[in-house]
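Reader: Here is a model I would like to go through term by term. Please justify each label.

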Amino acid sequence: MGKRRKSRELALQALYQYYISDTDIDEILKFDWDKGKSDNEINDFAIKLIKGTIEKTDELDEYIKNLSKNWDFSRINLIDKIILRFS
């Protein structure tokens, strides 16, 4: 598996955890749940995706809403929203 793909998987998992729980982002970014499964390069790219997605969530959601013709944004499930946000 490529490093970018693994980074995206980590980002998806971390963002899902962030959006469904009250867990602080700094706790999530420790990657305690992924110990020993990835290297610094993978973690660094994942962190970039995670932080960028969180910082720009409102802006990204507006962009997605504008492009979602005939589909209500609230009907998009969380996993799909996260993927669309960091894509």
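Reader: What makes D58, E59, Y63, N66 and L67 of α4 count as exposed?
Author: Exposed means over 50% relative accessible area, buried under 20%, partly exposed in between (1.4 Å probe, protein chains only). D58, E59, Y63, N66 and L67 are exposed, on the other side of α4 from its buried residues. Those buried residues are T57, D61 and I64. This is a predicted model: local features need pLDDT of at least 70, side-chain atom pairs pLDDT 80 or more, while totals for chains, interfaces and linings use all residues. Numbering starts from 1 along each chain as its sequence is written, and side-chain values use heavy atoms, without hydrogens or water.

Reader: How do you know that the buried residues of α4 line one face?
Author: Seen down the axis of α4, they fall within an arc of 65°, so they line one face. The arc is taken over directions from the helix axis to the C-beta atoms. They pack against α1, α3 and α5.

Reader: Why are α1 and α3 called oblique?
Author: Their axes cross at roughly 45° and come within 8 Å. Under 35 degrees is roughly parallel, over 145 roughly antiparallel, 65 to 115 roughly perpendicular, and the rest oblique. α1 and α3 are therefore oblique to each other. Their crossing is right-handed, meaning the near helix is turned clockwise from the far one by less than a right angle.

Reader: Why does N70 count as exposed?
Author: Its relative accessibility is 82%, so N70 counts as exposed. N70 lies in the loop between α4 (57–67) and α5 (78–86). Its phi is near 60°, a positive value in a residue other than glycine.

Notes. Axes are lines fitted to C-alpha atoms, for helices over the stretch in contact, and angles run from 0 to 180 degrees between N-to-C directions. Helices (H or I, at least four residues) and strands (E, at least two) are DSSP runs, numbered from the N terminus. Contact means heavy atoms within 4.5 Å.
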